[in-house]
Amino acid sequence: MTRIDDTPSAWDERTQLTTFLDYARDTARAKCEGVSAENARKALLPGSPLMTMSGLINHLRWVEYYWFQVVFLGEEDRAPMTDEDPDREMRVAVEFPLTRLLDEYAEQSARYRELAAGNDLAKRAEGTIRNGLHVDLRWILLHLTEETARHNGHLDILREMLDGTTS
């Protein structure tokens, strides 16, 4: 797997926050290197039938969409999830090649990297979170780093179960 560097190029808060989010994103993509289309669609955990490598990458993509587009920018939510099918992004992911999901995730990450660079970390989101609070960009970057890192653990488990890869 490709090694990724988590050392920031500068020590200001913005660079540190964005470096760790990029590190987590890159790690998710690296965990998928060399995974076959068939293996990317396999759900290996009996208690989590939607947890596939494809599903996790698609989930990460839509999580970033939600936090940047819907919460931060206040746009209408156009995600595939619905009240009736809140995990739809995980379910439909197996219909697409993993390479496509990874490319879309990378392209979207680049757009959100620019969005984050063009806004003050203290800028409040246009939309609210569940409790009605308008979080700031700093909080969103921290939250996405946590969310991505947590799912990297799931990708680790799936990858090891699929082919024994542990790095």
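**Close-up views of the predicted model**

**View 1. Tryptophan 139 and its ring partner.** Tryptophan 139 is classed as partly exposed, because its relative accessibility is 33% and that class covers the range between under 20% and over 50%. The coordinates shown are those of a predicted model. In contrast to tryptophan 139, tryptophan 67 is buried, its relative accessible area being 10%. The ring centres of tryptophan 67 and tryptophan 139 lie 5.2 Å apart with the planes at 55 degrees, so this pair is tilted. The pair joins distant parts of the chain, since tryptophan 67 belongs to helix H3 and tryptophan 139 to helix H6, 72 residues apart. Together with Tyr66, these two residues, Trp67 and Trp139, make up one aromatic cluster.

**View 2. An aromatic pair within helix H3.** Four aromatic pairs occur in the structure. One of them is formed by tryptophan 62 and tyrosine 65 in an edge-to-face arrangement, with 5.0 Å from centre to centre and 75 degrees between the planes. Both residues of this pair, tryptophan 62 and tyrosine 65, are located in helix H3, where three residues, or about one turn of the helix, set them apart. Tryptophan 62 and tyrosine 65 are both buried.

**View 3. The largest nonpolar core.** This core comprises 22 residues, and those with the most contacts inside it are Trp67, Phe68, Val71, Leu137, Ile140, Leu141 and Leu144. At least two residues of the core come from each of helix H1 (13-31), H3, helix H5 (98-117) and H6. H3 provides the largest share, eight residues. In general, nonpolar side chains of soluble globular proteins tend to be buried together.

**View 4. Surroundings of leucine 144.** When neighbours within four places in sequence are left aside, leucine 144 is in contact with Leu21, Val63, Glu64, Trp67 and Phe68. A second core, separate from the largest one, has 18 residues, including Ala28, Met53, Leu98 and Leu158.

**View 5. The largest pocket and its lining.** The volume of the largest pocket is about 610 Å³. Its lining consists of 22 residues, of which His59, Val63, Met81, Arg130 and Glu147 are the closest to the centre of the pocket. Helix H3 (53-72), helix H4 (88-92) and helix H6 (137-163) each contribute at least two lining residues, and H3 gives the most, with five. Sorted by class, the lining contains eleven nonpolar, five polar and six charged residues.

Note on methods:
Residues are numbered from 1 along each chain as its sequence is written. This is a predicted model: local features need pLDDT of at least 70, side-chain atom pairs count only at pLDDT 80 or more; totals for chains, interfaces and linings use all residues. Side-chain values use heavy atoms; hydrogens and water are left out. On a 1 Å grid over the protein atoms alone, a cavity is a set of points where a 1.4 Å probe fits but cannot get out, and a pocket is an open set with protein on both sides within 12 Å along at least five of seven lines; lining residues have an atom within 4 Å of a point. Grid points are joined across faces, edges and corners, and a volume is the space filled by probe spheres set on the points. Helices (H or I, at least four residues) and strands (E, at least two) are DSSP runs, numbered from the N terminus. Ala, Val, Leu, Ile, Met, Phe, Trp, Tyr, Cys and Pro count as nonpolar, Asp, Glu, Lys and Arg as charged, and the others, Gly among them, as polar. A nonpolar core is a set of buried Ala, Val, Leu, Ile, Met, Phe, Trp, Tyr and Cys residues joined through side-chain atoms within 4.5 Å. Buried means under 20% relative accessible area, exposed over 50%, partly exposed in between (1.4 Å probe, protein chains only). Contact means heavy atoms within 4.5 Å. Rings of Phe, Tyr and Trp (its six-membered ring) pair if their centres lie within 6.5 Å; planes under 30 degrees apart count as stacked, over 60 as edge-to-face and the rest as tilted.
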